[in-house]
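This briefing introduces a single protein chain to a reader who is new to structural description. Please keep the sequence and the model in view while reading.

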Amino acid sequence: MSELRYCPNCGRNTYVEVKINWIIFIVLLICGVLLGLVYLVYCFAAKTKVCEVCKLKANKMEPPRFNSQ
Ligand SMILES: [Zn+2]
């Protein structure tokens, strides 16, 4: 369910992904499995999408460009 967008930072089309801070996730997971899962659910619920390459926020990205040249 990845979405293709044009990333001005990368200068090419990239897929966006849900922004998850894996360090926070792992720390919470160590504190308690439930805490980690709650954070994961929160990340997906917040739907903060970022460029999967450079982590630029998706709202700064443009529709995908398909150059025929
Ligand atoms: Zn990018």
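The points below move from the whole chain to its sheet, its helices, its core and a few individual residues.

The structure is a predicted model. The protein chain contains 2 helices and 3 strands, and from the N terminus on these elements follow the order β-β-α-α-β. The radius of gyration is 15 Å, well over the 11 Å that the globule rule gives for 69 residues, so the chain is more spread out than a compact globule.

**Overall dimensions and contacts**

- Along its principal axes, the C-alpha trace of the protein chain spans about 55 × 20 × 15 Å.
- Of the 69 residues in the chain, 10% count as buried.
- Among contacts with a separation of 6 or more, 64% join residues that are 24 or more positions apart.

**The sheet**

- As general background, the strands of a sheet pair through backbone hydrogen bonds, in either a parallel or an antiparallel manner.
- In this model, 3 strands form an open sheet in the order β1-β2-β3, and the pairing is antiparallel.
- Strands β1 and β3 are the edge strands, since each of them pairs on one side only.
- Neighbouring strands of this sheet are turned against each other by 45° on average, when direction is ignored.

**Pairing of β1 with β2**

- Strand β1 covers residues 3–7 and strand β2 covers residues 12–18; the two pair in the antiparallel sense over 5 bridges.
- Two residues of β1 illustrate this pairing: R5 has T14 in β2 as its bridge partner, and C7 has R12 in β2 as its bridge partner.
- The two strands form a hairpin with 4 residues between them. In the turn, G11 has a positive phi of about 75°.

**Pairing of β2 with β3**

- Strand β3 consists of residues 49–51, and 3 bridges join it to β2 in an antiparallel arrangement.
- Opposite V16 stands C51 in β3, while opposite V18 stands K49 in β3.

**The helix pair**

- Two packed helices are described, in general, by the angle between their axes and the distance between those axes.
- Helix α1 comprises residues 22–31 and helix α2 comprises residues 33–46; their axes come within 5 Å and cross at roughly 150°.
- This crossing angle makes α1 roughly antiparallel to α2, because angles over 145 degrees count as roughly antiparallel.
- Where do the two helices meet? From α1, the residues involved are I24, F25, L28, L29 and C31; from α2, they are V33, L35, G36, Y39 and L40.

**The nonpolar core**

- Which residues make up the largest nonpolar core? The core has 5 residues, namely C7, V16, V50, C51 and M61.
- Two of these core residues, V16 and C51, also stand opposite each other in the pairing of β2 with β3.
- Leaving aside residues up to four places away in sequence, M61 touches R5, Y6, C7, V16, C51 and L56.

**Exposed residues with distant sequence partners**

- Y42 has its place in helix α2. Is Y42 buried or exposed? With 10 other C-beta atoms within 10 Å, Y42 is exposed, because 12 or fewer such atoms is the limit for that class.
- Y42 and I20 are 22 residues apart in sequence, and their C-alpha atoms are 9.4 Å apart in space.
- K60 is found in the segment after β3 and is exposed, with 12 other C-beta atoms within 10 Å.
- K60 and N9 are 51 residues apart along the chain, and their C-alpha atoms are separated by 9.3 Å.

**Positive phi values outside glycine**

- In general, most residues other than glycine have a negative phi.
- K47 is not a glycine, yet its phi is positive, at about 55°. The residue lies in the loop between α2 and β3, and with 9 C-beta neighbours inside 10 Å, K47 counts as exposed.
- K55, which is also not a glycine, has a positive phi of about 65°. K55 lies in the segment after β3 and counts as exposed, with 10 C-beta neighbours inside 10 Å.

Notes
Residues numbered from 1 in each chain as written. Predicted model: local features only at pLDDT ≥ 70, side-chain atom pairs only at ≥ 80, totals over all residues. Pairing = 2+ DSSP bridges. Rg over C-alpha atoms; globule rule 2.2 N^0.38 Å. Buried ≥ 20, exposed ≤ 12 C-beta atoms within 10 Å, placed from the backbone. Contact = placed C-beta atoms within 7 Å. Core = buried A, V, L, I, M, F, W, Y, C linked by C-beta atoms within 7 Å. Axes fitted to C-alpha atoms, helices over the stretch in contact; angles between N-to-C directions. Parallel < 35°, antiparallel > 145°, perpendicular 65-115°, else oblique.
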